Amino acid sequence: MSRIYTVKNKLVESRLFLHRIIAAFIVILLLSSGLIVRLVYLQIVGHEHYTTLAKDNSIKIEPLVPTRGIIYDRHGKVLADNTQSFSLELIPEQIIDLDDTLLRLQKLLDISDEKIDQFQKQRKRQKRFVSTPLLISMNDEEIAKFAVVRPYFPGVDIQARLVRHYPYTELASHVIGYVGRINEAEMKTLPIAEYRGSSHVGKIGIENSYESELHGKTGYAEIETNVQGRAINAVNSVPPVPGENLYLTLDIDLQKTAYDALDTFNGAVVAIDIKTGGVLVFASRPGFDPNPFVVGISNDAYQALQSSDNQPLFNRALRGLYPPGSTLKPFIALAGLEYNAINAEHKTFCPGYYQLPNVSHRYRDWKRGGHGSVNMTDAITQSCDVYFYSLALTLGIDRMHDFLQDFGFGEKSGIDLSGEKQGLMPSREWKRNRRNQAWYPGETLITGIGQGFLQITPIQLARATATLANKGKVITPFLVKKSASPDSTAPDIATQEDLGFKPENINSIISAMVNVIHDPHGTAKSIGKDINYQIAGKTGTAQVFNIKQDAKYNENDIDFKLRDHALFISFAPADDPKIAVAVIIENGGHGGSVAAPIAGKVIKQFLGTNNEN
Amino acid sequence: MKTETRSEQFHPPSVLGNILRKLHIDIPLFIGLLLISLLSFIILYSAGSQDMDVLMRQAARVGLAFLLMTILAHVNPYQFKRYSALLFGLGLLLLVAVLVLGQFGKGAQRWLDLGVFRFQPSEMIKITTPMMVAWYLAEHALPPKPKQLLVAGILIIIPTLLIAKQPDLGTALLVASSGAGVLFFAGLSWRFMFAIGATLTGLTPILWHFMRPYQRDRVLTFLNPEADPLGRGYHIIQSKIAIGSGGIYGKGWLGSTQSELDFLPESSTDFIFAVFAEEFGLFGCVGLLALYLLIISRCLYIASQVQDTYSRLLAGSLAFTFFVYVFVNIGMVIGVLPVVGVPLPLISYGGTSIVTLLSGFGILMSIHTHKKFLPH
């Protein structure tokens, strides 16, 4: 019975299904006919109407490119603006013989093959009927030459465009950055609608980090055009919104002082306004002129920059990695005090070297004969290595790692520039994970004097110094003021994390650092004269290569590239710090003689020699 | 002797035929799909500013989709039936995951980043929903009783709402219609269908209340595109100008001025039909529709030949959904339906929809080429 039912049911089901297939087919045919009726209506009945709309009098939507925001320094000096420039532009679709036209233009205006190639590349990427520049920033002579023969070049015209201009050229090139032509990779990631009509985009520096603020909002104009595509009149438009102007915390005059003071050396100077965290100086020498990058730098010029031994394109302040050397000592000393490993009066005898128990290797002090018996203040003032070898061993690498990490060593500073390097604050764990090796006590010793695996960037060192000067309240450096006014004095950062150090510990470190400059034994006493306030600082000399156990380091004997790096950290006034400066000079030799005077110049220009507040 | 001569005579086609049959490929369907894919490259070249890179990327995706179709054609339909519920459940889980992860991101969240590639669970749901509904209904006698209808309705509404919440109205619509397709082929009474239709019309104000502002805009724009020619009505006006100016014979391949001059937005994706209509005219449009109808007819024929309930419901629904795809896209481009973001199947630029569509055809081929092995 049930089986008969099933079979019968199957038959009913099959018939039902077949009916439904037919019904579906009919519905599909009906709906398709509906689509065709509509198409007939549009393409036959409405054809003439729509052709008129499309061709004879079509409404063209043209993008209106916004003006890029201007970048100012803290006193309102222009760091990047837009200047009028004339460029030779072609609309390839309106030119009958493009190759011939290009050849004639090349002869007339002496255009390089490279520029022709660039033009061809850009043309292929672009939509049709878009004006494509061949020659940017033409001089008067070129404009005059072309103006005479213009009737013989249909589809070619001179256009006025705004071109980005950097008046301070190489002075702050790394921090301001530059804009360049949008390349293929960027075409894919940029919002297409917003960049319709824009040819340039920020590549590095502030120009890149604040691209969306600087760019502005593209507007549109409805333009009535005739059959030839020529504009008849503008019907309706949505104006573009210009990009925001940016006010940096940077002081371009101070930046110039620092950059000039670096002179022929390669190096970096970073200065931070301790009251806000705003970066006052962010210099990396050598710099480069960013202006050629805007109009399209020639291959030769770019290769020259790329292959130079001095690496002018390299942002040393943000990406350069250096051992901190002795500039780390005040931080190690503070760690000793905070962990109660020492007190300020605790003395260590320095015979000029240090030995680990049962090991013959001698870790030497920079001073051959030794410093004798030194307490913490003496050790910082005279930069005694042996004192810090001993202290480092007492602290151990784990505690040193944790303590220094809080100051931002081996951590990105968080400055508002992209591409920052992290550096390295080594730890037992790091060595096990990355090198699969145990941590050795000798490595703890050399970490105590800022050598070994430790690698930091100049901005990190400046930030740590500012945090120390700020009594342990962590500074986050930044370059762009949040409020768009040059006179804004309000601090931009409200909440600072407090590392919670004991005031007496901080104060004894600071007074030791004051001795570095104002004590007769200080390693940087040369910069402390003729000012009525005190500077706190610490010199550093970082080894680039290791000398043999008994060899004597003689600066004049060794290759310049292997000479020690000179470092200096400082802040002033010592009793109410306003500015922190870190200087790193590659192969500069001694921190006290080369790096400290640069910091001295920056501080004296910022505070004056006679600081009343 | 005689047979030998014959086999020699038809040697090449019979070898090819054999290979295709061994691959479980349905030849008429395969040829139709191949033709439409080739057509897609021709249109994309014109619509995508004659960029070879675009073509190469699309070719890679189409190749991958054809491979997946061939693989699925190999699978015994019994396996699809067996794993229907499991796959449906998995799809729902992934949809929820996307929604939850989307809470942390910004705006619309449709993707699940698997590291190597990004996966869109809503695409998978387009196939697993009809599978699930067909599996459920095939367990009971047809036509379905009210209780089964209720369950099937819930099975359809859950994924539809989850996708609508992403928000992806176009896909939600396709998922709902794939499920509704199964119900239709299962023999849902006409009276009931009209009742549902009437109820839905009555519910429109409530639906309106739940729509996102941009979805409301689209409906309003559809009703009166001229009201906002620069903003929301821009797509439809420009699209109509492109199609209308194409006329009977069209402007010829690469002759589209509207997309080239940048009037027509999304000319490679959702609005590619406008470029096609402008270049190939009414003749081209009717030809393209005919090609789609041939493919759909073949699918419906396949469905009519199937003996077991699950497979025939699934086959019918897949064929029907394919048509909905075509109808909704062309309908919105020519301005008879609101813009809901459904691509022109197999022609629009973009990989995910092609992979899903050809997977569907792979299942259809599997159902067709395996039917003799199925227990009756």
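Mentor: Before we begin, note that axes are lines fitted to C-alpha atoms, for helices over the stretch in contact, and that angles run from 0 to 180 degrees between N-to-C directions. This is a predicted model, where local features need pLDDT of at least 70 and side-chain atom pairs count only at pLDDT 80 or more, while totals for chains, interfaces and linings use all residues. Residues are numbered from 1 along each chain as its sequence is written, and chains are lettered from A in the order in which they are written.

Trainee: Are α6(B) and α8(B) roughly parallel or roughly antiparallel to each other?

Mentor: Helices (H or I, at least four residues) and strands (E, at least two) are DSSP runs, numbered from the N terminus. Helix α6 (residues 121–138) of chain B packs against helix α8 (residues 169–185) of chain B at an angle of about 20°, with the axes 9 Å apart. Angles under 35 degrees count as roughly parallel, over 145 as roughly antiparallel, 65 to 115 as roughly perpendicular and the rest as oblique. The two helices, α6(B) and α8(B), are therefore roughly parallel.

Trainee: How many residues of strand β18 of chain A are buried?

Mentor: A residue is buried if 20 or more other C-beta atoms, placed from the backbone, lie within 10 Å of its own, exposed if 12 or fewer, and partly exposed in between. His565(A), Leu567(A), Ile569(A) and Phe571(A) point one way from β18(A), whereas Ala566(A), Phe568(A), Ser570(A) and Ala572(A) point the other way, and all are buried. For the strand, residues 565–572, the count is 8 of 8.

Trainee: With which strand does β18(A) form a hairpin?

Mentor: Two strands pair if DSSP finds at least two bridges between them. One antiparallel partner of β18(A), over 7 bridges, is strand β19 (residues 579–585) of chain A. With 6 residues between them, the hairpin joins β18(A) to β19(A).
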